[in-house]
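Trainee: Got a minute to go through a model with me? I'd like to start with the ligand.

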Amino acid sequence: MPRVLVYTGILLAALALLPLALLDYARSTPSRHPRLQLVPDMDQQAYHRAQGGSSVFADGRAMRIPPAGTVARGELREDDAYFRGMAPDSSWVTELPVAWTMERIRYGQNRYQIFCAPCHGDAGRGDGLVARRAEQLAEGTWTPPSDLTAAVTAARPDGELFAIISHGIRKMPAYGSQIPVDARWAIVAYLRALQRSANGTLADVPESHKAELR
Ligand code: HEC
């Protein structure tokens with residue numbers, strides 16, 4: 001084979017790799033400019049950043065202040081019983097403002113075990129793992145979690161328990177920002193189940209199950 005053909009062949013093979021190398025370079029290097037876009041749609045357009053400035057408005061802000069009294073959809077929270085656990089005369093509601101269903105109690109159990117049991121314990125006796133560990137460490141700064149089946153807590157109206165979960169009590173922090181309203185009521189329902197089971201007597205056991213006790 002003539003030499004010139006061999007060299008031309010090698011050169012062509014090397015050139016054939018060039019587009020691939022350029023592609024790879026384009027993909028792996030950062031650039032402040034948009035890549036070549038055949039159909040740009042509306043991908044790049046002028047916009048203001050949150051909390052940024054703007055010369056369009058007299059006050060120089062890009063973000064507009066909502067007119068006084070504006071409430072976003074679904075944020076009115078007018079229902080005091082549901083959102084604050086309060087009756088119209090500002091006393092605590094004594095009945096759940098949601099339906100008592102088995103499903104809700106089970107959901108409350110699930111939420112309780114996630115949010116409350118680490119401190120208050122699975123049965124609500126104030127002996128959760130965190131509490132037990134803190135007692136082991138004996139640093140002297142730990143406030144023991146309350147026994148939620150105790151008479152004082154059992155006597156609190158439903159609305160007050162809801163408010164305690166929402167805003168905390170004494171040394172216990174608020175859980176309102178972590179637990180949605182509906183889940184808080186479900187936890188209240190489950191607390192009632194815990195209290196009922198902790199303070200049950202033989203008379204609460206149905207006749208058909210009494211035999212199993214002995
Ligand atoms: C970080 C630990 C911790 C978690 C989590 C926690 N608690 Fe508490 N809770 C406490 C402590 C501590 C107290 C007692 C505070 C005090 O006496 O200063 C308390 C007190 C209470 C009381 C008041 C008891 C009474 O009648 O005086 C209620 C009710 C209660 N907790 C419910 C809950 C519920 C429901 C949850 C889950 C949503 C929860 N707590 C999660 C630590 C916790």
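Mentor: Sure, we'll take the ligand and its pocket, then some loop residues, and keep in mind that this is a predicted model.

Trainee: OK, which space does the ligand take up?

Mentor: The ligand occupies the largest pocket. That pocket has a volume of about 600 Å³. It is lined by 29 residues, and H120, P145, S146, I169 and M172 are the closest to its centre.

Trainee: And which elements give two or more residues to that lining?

Mentor: Those are α3, α4 (117-120), α6 (151-155), α7 and α8. The largest share comes from α7, with three residues.

Trainee: How does the lining divide into nonpolar, polar and charged?

Mentor: There are 20 nonpolar residues, five polar and four charged in the lining of the largest pocket.

Trainee: Now the ligand itself. How many residues surround it, and which are the closest?

Mentor: The ligand has 22 residues around it, and the closest are C116, C119, H120, R156 and M172. You've met H120 and M172 already, as they are among the residues closest to the pocket centre.

Trainee: Which elements supply at least two residues of that shell?

Mentor: α4, α7 and α8 each do. The most comes from α7, which gives three residues to the shell.

Trainee: What about the classes in the shell around the ligand?

Mentor: The shell has 15 nonpolar residues, along with four polar and three charged ones.

Trainee: Let's get down to atoms. What does the side chain of H120 do with the ligand?

Mentor: An N or O atom in the H120 side chain is 2.8 Å from a nitrogen atom of the ligand.

Trainee: And how far is the polar side-chain atom of R156 from an oxygen atom of the ligand?

Mentor: That distance is 2.7 Å. K171 comes in through its backbone instead: one of its backbone N or O atoms lies 2.9 Å from an oxygen atom of the ligand.

Trainee: Switching topic. I was going through phi values, and R170 caught my eye. What's its phi?

Mentor: R170 has a positive phi of about 40°, and it is not a glycine. For context, most residues other than glycine have a negative phi.

Trainee: Where does R170 sit, and is it buried or exposed?

Mentor: R170 is in the loop between α7 (158-167) and α8 (181-198). It counts as exposed because its relative accessibility is 68%, and the cut-off is over 50%.

Trainee: S90 was on my list too. What's its phi, and where does it lie?

Mentor: Phi of S90 is near 70°, again a positive value in a residue that isn't glycine. S90 belongs to the loop between α2 (80-84) and α3 (102-115). It's exposed as well, with a relative accessible area of 52%.

Trainee: G85 is in that loop too, I think. Is G85 buried or exposed?

Mentor: Right, G85 is in the loop between α2 and α3. G85 is buried, since its relative accessible area is 0%. G85 also pairs up across the sequence: its C-alpha is 6.2 Å from that of F162, although the two are 77 residues apart in sequence.

Trainee: Last one, A50. Where is it found?

Mentor: A50 is in the loop between α1 (3-28) and α2. At 64% relative accessibility, A50 counts as exposed. Its C-alpha is separated by 7.5 Å from that of A62, which is 12 residues away along the chain.

Note on methods:
Residues are numbered from 1 along each chain as its sequence is written. This is a predicted model: local features need pLDDT of at least 70, side-chain atom pairs count only at pLDDT 80 or more; totals for chains, interfaces and linings use all residues. Side-chain values use heavy atoms; hydrogens and water are left out. Helices (H or I, at least four residues) and strands (E, at least two) are DSSP runs, numbered from the N terminus. Buried means under 20% relative accessible area, exposed over 50%, partly exposed in between (1.4 Å probe, protein chains only). On a 1 Å grid over the protein atoms alone, a cavity is a set of points where a 1.4 Å probe fits but cannot get out, and a pocket is an open set with protein on both sides within 12 Å along at least five of seven lines; lining residues have an atom within 4 Å of a point. Grid points are joined across faces, edges and corners, and a volume is the space filled by probe spheres set on the points. Ala, Val, Leu, Ile, Met, Phe, Trp, Tyr, Cys and Pro count as nonpolar, Asp, Glu, Lys and Arg as charged, and the others, Gly among them, as polar. A residue is near a molecule or strand if one of its heavy atoms lies within 4 Å of it. A polar contact is a pair of N or O atoms within 3.5 Å; within protein, one must be able to donate a hydrogen and the other to accept it, and residues adjacent in sequence count only if both atoms are side-chain atoms. A molecule sits in a cavity or pocket if more than half of its atoms lie within 2 Å of its grid points.
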